[in-house]
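I opened this notebook to record what I looked up in one protein model. The entries follow the order in which I consulted the structure.

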Amino acid sequence: LGRKISPEEQPWCLDKVTGKVVISKGLENICIDKSTICYIDGFHSKLYYRGYSIEDLAKNSTYEETVYLILYGKLPTRRELNDFSGWMREERDIPREVVELLAKIPRDIEPMEMLRTAVSYLGNLDPGRHDMSLEGVMRKTIRLISKMPTIIAYWYRIRNGKETVYPDPRLNHAENFLYMMHGEKPEQILAKAMDVSFILYAEHEMNASAFTAVVIASTLSDYYSAIVGAIGALRGPLHGYANVEAMRQFDEIGSPENVDKWYQEYILTGKKRVMGAGHRVYKTYDPRAKIFREYAREFAERYGGRVKTYYQIADRLEGYVMKQLCETRNICTNCDFWSGIVYYAMGIPVDLYCAVFAAARTVGWSAHVVEYVTENRILRPRLYYDGEIEREYVLIENR
Ligand SMILES: CC(C)(COP(=O)(O)OP(=O)(O)OC[C@H]1O[C@@H](n2cnc3c(N)ncnc32)[C@H](O)[C@@H]1OP(=O)(O)O)[C@@H](O)C(=O)NCCC(=O)NCCS
């Protein structure tokens with residue numbers, strides 16, 4: 001017979017005032033550190049990177065400039081930006097060994113699993129892989145964020161049996177990604193939307209994947225392990241893969257006319273969750289969703305066809321969510337609800353959307369790794385032990 005441990009024997013789990021066990025399931029509202037990278041005001045639909053609102057950044061900035069801002073904490077001068085963009089352009093190509101690896105990876109696996117493998121291998125080939133100095137991590141960050149779109153575009157073309165398209169240093173990050181995907185320069189409006197999507201996905205405070213990266217880095221492990229871990233965390237449908245799942249949900253609904261029936265059958269009965277709705281921090285509309293939604297609307301009008309159908313399904317479903325879930329339970333549509341339609345208009349296959357998200361979010365992961373490790377303390381929470389101790393060990397022949 002064992003013995004149950006009392007709460008008093010686990011004082012680290014007790015509230016100091018009430019003396020009751022406090023369990024913060026999901027680490028909700030636990031502040032693990034101070035930060036100057038990002039502020040989310042989940043009650044007023046606001047998001048700031050280094051103090052600048054994402055509305056201002058989406059309107060006036062570029063992805064390259066936003067990367068600089070997130071990593072260095074200030075807006076660059078024109079000269080600094082030119083140097084920085086030049087550096088990113090130089091780093092775009094990937095080693096031959098990684099291209100060979102991409103050719104070996106099974107073509108039917110999830111792109112996020114491909115990305116995890118490719119980034120890990122890229123780390124093996126990086127001579128500075130164990131350098132965790134500030135400069136070392138910054139160098140690896142620039143290298144990786146410059147190369148990730150190349151990995152995704154090469155993979156996309158390899159799995160479709162097409163020749164890979166070499167990065168073009170004359171194009172900016174977003175244009176170049178679409179160029180490497182499709183083999184031709186994108187329309188300006190699509191390149192701008194891709195640039196904005198990279199900005200909107202670049203950073204989002206201590207979410208599950210950033211936390212994963214920081215947990216790994218806090219053990220003084222290496223940069224690539226932190227990023228590979230973060231890719232694994234982002235790949236879940238409750239996190240970054242929601243932008244893929246949202247599109248699959250629209251496919252399942254099939255037509256705008258079917259939204260009502262589908263909503264009644266699956267959401268009102270609690271059989272499914274709306275993918276691309278709800279958020280741990282936003283208790284009102286996600287400000288990024290507003291910007292993605294506007295592009296989706298514009299592209300639906302401009303391109304018609306499937307893009308328009310997706311938009312109409314999403315628009316109708318969002319109507320239900322906002323009326324029935326957002327007003328009463330603070331479950332509102334988020335950026336992943338809308339971003340997929342924008343990517344669809346760019347001719348990117350649905351299963352790649354989370355990988356595109358990862359390519360941008362690597363900026364935020366890296367910034368948090370740098371910030372946390374600068375004043376490092378290993379992350380090590382506790383569990384409340386609810387089992388027994390001092391159980392009698394019975395030899396196997398007597399069980
Ligand atoms: C994002 C998410 C994981 C946040 O989770 P969380 O803060 O832990 O919230 P919980 O899972 O505890 O959900 C709280 C309640 O809201 C409900 N809920 C949350 N998201 C919902 C959704 N998208 N659709 C329907 N109901 C939802 C839950 O069923 C739960 O209801 P209950 O209290 O009756 O059991 C969650 O909202 C979700 O699963 N969303 C869908 C996936 C998604 O879009 N992820 C991308 C986020 S950017």
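**Entry 1: a long helix entry, H14**

I looked first at helix H14, which bends by about 40° at Met 322. The bend at a residue is the angle between axes fitted to the seven residues ending there and the seven starting there. I noted that the model is predicted, that local features need pLDDT of at least 70 and side-chain atom pairs pLDDT 80 or more, whereas totals for chains, interfaces and linings use all residues. Residues are numbered from 1 along each chain as its sequence is written, and side-chain values use heavy atoms, with hydrogens and water left out.

H14 covers residues 305-329, 25 residues in total, and reaches 34 Å from its first C-alpha to its last, close to the 36 Å expected at 1.5 Å a residue. That expected span is 1.5 Å times one less than the number of residues. Helices (H or I, at least four residues) and strands (E, at least two) are DSSP runs, numbered from the N terminus.

I then asked which residues of H14 are buried. Among them are Val 307, Tyr 310, Ala 314, Leu 317, Val 321 and Leu 325. Buried means under 20% relative accessible area, exposed over 50%, and partly exposed in between (1.4 Å probe, protein chains only). The buried residues of H14 pack against helices H11 (242-253), H12 (259-267), H13 (287-303) and H15 (335-345). Just after H14, Asn 330 takes a positive phi of about 60°.

**Entry 2: the hairpin of E2 and E3**

I found that strands E2 (residues 38-41) and E3 (residues 46-49) run antiparallel and are joined by four bridges. Two strands pair if DSSP finds at least two bridges between them. Ile 40 of the hairpin stands opposite Leu 47 in E3. Four residues lie between the two strands, and Ser 45 in the turn has a positive phi of about 55°. Ser 45 is buried, with a relative accessible area of 19%.

**Entry 3: Asn 29**

I located Asn 29 in the loop between strand E1 (3-4) and E2. Its phi is near 55°, a positive value in a residue other than glycine. Asn 29 is exposed, with a relative accessible area of 71%.

**Entry 4: Ser 146**

I turned last to Ser 146 in helix H6 (residues 134-159). Is Ser 146 buried or exposed? Ser 146 is buried, with a relative accessible area of 1%. Its side chain reaches the backbone oxygen of Ile 142 at 2.5 Å.

Conventions
Contact = heavy atoms within 4.5 Å. Polar contact = N/O pair within 3.5 Å; in protein donor to acceptor, adjacent residues only side chain to side chain.
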